[in-house]
Structures are given as C-alpha cells and as structure tokens.
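Here's a quick briefing on how some helices pack, where the empty spaces sit and which backbone spots look unusual. Have the model open as you read.

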Amino acid sequence: AFDGLVSAWGRIEHIRFGPVATGNRLERLFFWPDRRGLGARQVAATLRTHDASVLDAAALGSKRIALQGLGALEAALFEPWPKDPEDRAFRCAYAKAVSTNIAAIASEILREWTDPDLYVRHWLEPSAGDPYFLKRSETTLALAKALDNGLERVRDEWIGGALGFGPQRRRLTPVLATSGRTLRFFEAGIEGLHHLYTVAGISKAIVDTTKAHPDVTVPLNADLAKREIETARGELRRLARQGKRFDPDTMMQPLVAVGFPLKNARLQAVALLGLTAGLSMGFNASDGDLYGRFGRSRL
C-alpha cells in the first residue's frame, strides 16, 4: 500500500495548481525537500513524547504540515522500530491517523476537480472576471508549465540534488531515502510527465498546430522530445527493477545518463510550445547545466 501511495503521488506531483494548491494541500501531502530537517525532528519528537493530539485524523489536518503527509507516514513506518509495546502502539495509531488524513486530502482534491460547480468549471470555462483563468490559453500555459517545471524538478532537484549537483555542490538527502523508495519515486515522476506529454495531449496539440518554422520540422521534434523522456524512463525503470536502495556512488553513471535526455526533452518541449502555441515560460536560475561538470570529465 505504501508503494502504491509513493507511485501515485510521484505520477501527479507535477500538477501543482488547482485544488492541490489550496489550503496548503500540496505541502500537507508531502513536505519535501526538508532542507533543514525541521519536519523530521517534529515527527521524531511526536513519536518520542506520545503527543496524543496527533492520533485524531480530523484534528491532524490543523497541525504542523510536516506531521501530516507522506514524509510523516514514511517515518512512522520505516524508522527503526522501538521494542517498548507502548511506543509501538503509539506509532501504529499515528500511522493510521496520517493515512486517514492523506486519504481525506486526496478526496477533497478529487471532489473539487470533478464537481462541475467547483474548480473544474473555472478550468473548462475560463472567462473575463474568473478568479483563476481569464482565457483558454491560460489553462494551456498551466499544463505547459507543469511539464516544463516537472522535467526540471525531476532532473535538477530530485536526481541532481541527491547526486550533489545542486548549486551548493553538496549531496542532499534523497527523497524517501528512509523507506528505500527513492528510485520508485523517480520512476513515477517521469512516468507521470510522459503521460502528460503523450496521453494527455500536449504532443498531439503541438503536432496538430498550423504554425510552421523554416528550420523546424515540428512532428519530428515533438517525437524527439517523447523519445528522450522514454529513454530516461527506461533507464530509471531498469534501476528501480533491480530492487536496490538508492546509492549515489554506484548509481552515479546511469543517473547522470538520465539527466541528459531529460534536459533535451525539456529544451525541445519548451521551444516547440513557444513556436506552436506562442507560450513563453522563461527559465529559472537553476537552469544551468548541473550535470555539465561530471559529463565533461567522465562521459
């Protein structure tokens, strides 16, 4: 069940707008990255002191964000288990409360995305004066940014940070390292982005456009972006199927190899969306080639 949760959240983590972005739901579902370890310390203190107030799932939703979601559940399930029966019983009750809270948040998000009188109405029928979207091009831009930022986050934050390729050039604690689900999360993230680009229609919309450029063959470049994502997905799938825990040293070479097609896919997709839909998404300060130093010296 925990594996299913990790894969399900990883697949849709790039959708960071709409119902998931209200009421701190995004952070309540998964408080990560926890760069200073504040969340981990809060969960550890809760388990140590047997704070009974966190055992009520309804009340847990108003507690500190780090005590509520996937990270808290991971700690409750996978940190070394105590021998004391009372400690074990408290941890089980806390894990149940966190699970119930996650399910409640997910239900709220689903309801607001599907109820025709709630957020979905703003999404499907943007108009002047709407609090979310004024015109259809804005919903298109939201999806395009989800693809762009998602590819960046998987490559530069999830993988690059764990390998030590971030701006500070030091390794960050890998996502879901305690449970050993790091590679599963990586794989799910790329799988979700592949689905967004291919099944959800971004690639088809690019190919079907009437826009043209003398130096760009749009269908070929759109297919190239797809194949680059699939290359990265295939390598991560292979690593994940080996059943090994994430090890930045032994997995450095194959994970660096994942970074290059992800970068190419992002550059291709952003350029095509700019050409065919007139979208300008810009680039973040973190867009430098974080893999360049390793790539030039070792590959």
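Helices α9 and α11 run roughly antiparallel to each other, because their angle is over 145 degrees (under 35 would be roughly parallel, 65 to 115 roughly perpendicular and the rest oblique). Helices here are DSSP runs of H or I with at least four residues, strands are E runs of at least two, and the numbering starts at the N terminus. Keep in mind that this is a predicted model: local features need pLDDT of at least 70, side-chain atom pairs count only at pLDDT 80 or more, and totals for chains, interfaces and linings use all residues. Residues are numbered from 1 along each chain as its sequence is written, and side-chain values use heavy atoms, with hydrogens and water left out.

**α9 with α11**

- The two helices pack at about 160° with their axes 9 Å apart; axes are lines fitted to C-alpha atoms, for helices over the stretch in contact, and angles run from 0 to 180 degrees between N-to-C directions.
- α9 passes α11 in a left-handed crossing, meaning that the near helix is turned anticlockwise from the far one by less than a right angle (clockwise would be right-handed).
- On the α9 side, the contact (heavy atoms within 4.5 Å) includes Leu183, Phe186, Ile190 and Tyr197, while Ala222, Ile229, Leu236 and Arg241 are among the α11 residues.
- By class, this contact has eleven nonpolar, two polar and seven charged residues; Ala, Val, Leu, Ile, Met, Phe, Trp, Tyr, Cys and Pro count as nonpolar, Asp, Glu, Lys and Arg as charged, and the others, Gly among them, as polar.

**The α12 contacts**

- The axes of α11 (residues 218–241) and α12 come within 8 Å and cross at roughly 155°.
- That angle makes α11 roughly antiparallel to α12.
- This crossing of α11 and α12 is left-handed, and its contact residues split into 17 nonpolar, five polar and three charged.
- α8 also meets α12 (residues 252–277): their axes come within 10 Å and cross at roughly 160°.
- So α8 is roughly antiparallel to α12 as well.
- The crossing of α8 and α12 is left-handed, too.
- From α8, Leu147, Leu151, Val154 and Ile159 are among the residues in this contact, and from α12 the list includes Leu255, Leu262, Ala269 and Leu273.
- The α8–α12 contact has 15 nonpolar, one polar and five charged residues.

**Cavities**

- Rolling a probe the size of a water molecule over the atoms shows where empty space is left.
- The structure holds two cavities of 30 Å³ or more; on a 1 Å grid over the protein atoms alone, a cavity is a set of points where a 1.4 Å probe fits but cannot get out, and lining residues have an atom within 4 Å of a point.
- The largest cavity has a volume of about 50 Å³, where volume is the space filled by probe spheres set on the points, and points are joined across faces, edges and corners.
- Its lining includes Trp32, Pro33, Trp158 and Leu172, and by class has seven nonpolar, two polar and two charged residues.
- The second largest cavity, at about 30 Å³, is lined by Gly10, Glu13, His14, Gly150, Val154, Trp158, Gly189 and Leu193.
- α8 (136–163) and α9 (182–198) are the elements that give two or more residues to that second lining, with α8 giving the most, at three residues.
- By class, the second lining comes to three nonpolar, four polar and one charged.

**Backbone oddities**

- Most residues other than glycine have a negative phi, and most peptide bonds are trans.
- Trp32 and Pro33 are joined by a cis peptide bond, with omega about 5°, and Pro33 sits in the loop between α2 (25–29) and α3 (38–49).
- Asn24 has a positive phi, near 55°, and lies in the loop between α1 (2–12) and α2.

Notes:
1 Å grid on protein atoms, 1.4 Å probe; cavity = no way out; pocket = protein on both sides within 12 Å on 5 of 7 lines; lining within 4 Å.
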